[in-house]
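Reader: I would like to learn how to read a model of this kind, beginning with contacts and then turning to packing. Could you take me through it step by step?

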Amino acid sequence: MPELPEVETTRRGIAPHVLNQTIKKVIVRNPRLRWPITNNLAVILHKQKIKKITRRGKYLLLHCDKGFLIIHLGMSGKLSIVENKLMARKHDHCELIFSHGKILRFNDPRRFGAILWTEAHPHQHPLLKNLGVEPLLKNFHKNYLYQQIQNKNVTIKQLIMDGKIVVGVGNIYASEALFLAKILPTRAAQTLSLQECDRLVAAIKKVLTRAIKAGGTTLKDFLQANGKPGYFSQKLLVYQREATPCLDCGNPIQNIKLAQRATYYCFSCQK
DNA sequence: ACATTGACCTGGGAGC
DNA sequence: TGCTCCCAGGTCAATG
């Protein structure tokens, strides 16, 4: 489900409700996520305050008094703020109950998500330490991408989805960015020119920024922390638009599989 | 070092 | 209605 814009939307949605709040109680109904939730999470988090919430790629980092809670939403994870005593529904695996009464609830049908505790700096955590650059920062630029594609024979779509190179670009935004940059997703990464890298970097920054502004993309079940869908779905140019007219040239949008993932593009606009 | 594939899960929709 | 099959926003681990 969630790519960088959806995770960032979630971060912004929950922050006002949990910042500077103290955890009163923790409920773990099912610890079996991608990695098990540590069995002493409730003891660890008791009376800790959330000082800050940051994001690294698709990971949310809750800075607590004594360490960090690392949360990944996987494919179907959602965080929401529960204001009243709403009954827990199916797949509500974990919740943090704060002393002011609000609840941060983690729901994840497929359980590909993760909730991990670490006392070391999270950027040193094994899952985070080898991550590539943040796409919206200045160190993601044409020369960096051009350097990274050298001798890489994977397709350019696979390469921009590789978190060791650049974080946060998932299956939706990879197709969208390549359309904006007028580059075929099937091109071998190493065949891109510096100029094409320039266009692609700009396109990735543009599509991610726009998607954050729209509150992310809801295909079927992504919801913001306030329960509303993300509105970027309405602005998708190629994703899930198979056989409909390209919005630039009118030719039908193509849908192929690349590395087992649905990939959408315009055969006429993209070279 | 690089590239490919399977694996982890549940739920929804299509087709019969 | 019910069964089977395929698909889904991620990414790690194993293999060649």
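Reader: What lies 2.4 Å from a phosphate oxygen of DNA strand B?

Author: In this predicted model, a backbone N or O atom of N153 lies at that distance from the phosphate oxygen of DNA strand B. A polar backbone atom of P109 is 3.3 Å from a sugar or linking oxygen of the strand, while for R110 a polar side-chain atom lies 2.9 Å from a base oxygen.

Reader: Which residues are around DNA strand B, and how do they divide into nonpolar, polar and charged?

Author: Around DNA strand B are K90, H91, P109, R110, R111, F112, K152, N153, V154, Q158, K220 and Q260, and the residues of this surface comprise three nonpolar, four polar and five charged. On the DNA side, 68% of the strand B atoms within 4 Å of the protein belong to sugar or phosphate, and the rest to bases.

Reader: How are two packed helices described?

Author: Two packed helices are described by the angle between their axes and by the distance between those axes. Here, the axes of helix α3 (residues 142–149) and helix α6 (residues 194–213) come within 8 Å and cross at roughly 120 degrees, which makes α3 oblique to α6. The crossing of α3 and α6 is right-handed.

Reader: Which residues in α3 and α6 meet?

Author: From α3, K142, N143, L145, Y146 and I149 meet L194, C197, D198, L200 and V201 of α6; by class, this contact has seven nonpolar, one polar and two charged residues.

Methods
Residues numbered from 1 in each chain as written. Chains lettered and ligands numbered in written order. Predicted model: local features only at pLDDT ≥ 70, side-chain atom pairs only at ≥ 80, totals over all residues. Heavy atoms only, no water. Axes fitted to C-alpha atoms, helices over the stretch in contact; angles between N-to-C directions. Helix = DSSP H or I, 4+ residues; strand = E, 2+ residues; numbered from the N terminus. Parallel < 35°, antiparallel > 145°, perpendicular 65-115°, else oblique. Left-handed = near helix turned anticlockwise from the far one by under 90°. Contact = heavy atoms within 4.5 Å. Nonpolar A, V, L, I, M, F, W, Y, C, P; charged D, E, K, R; others polar. Near = heavy atom within 4 Å. Polar contact = N/O pair within 3.5 Å; in protein donor to acceptor, adjacent residues only side chain to side chain.
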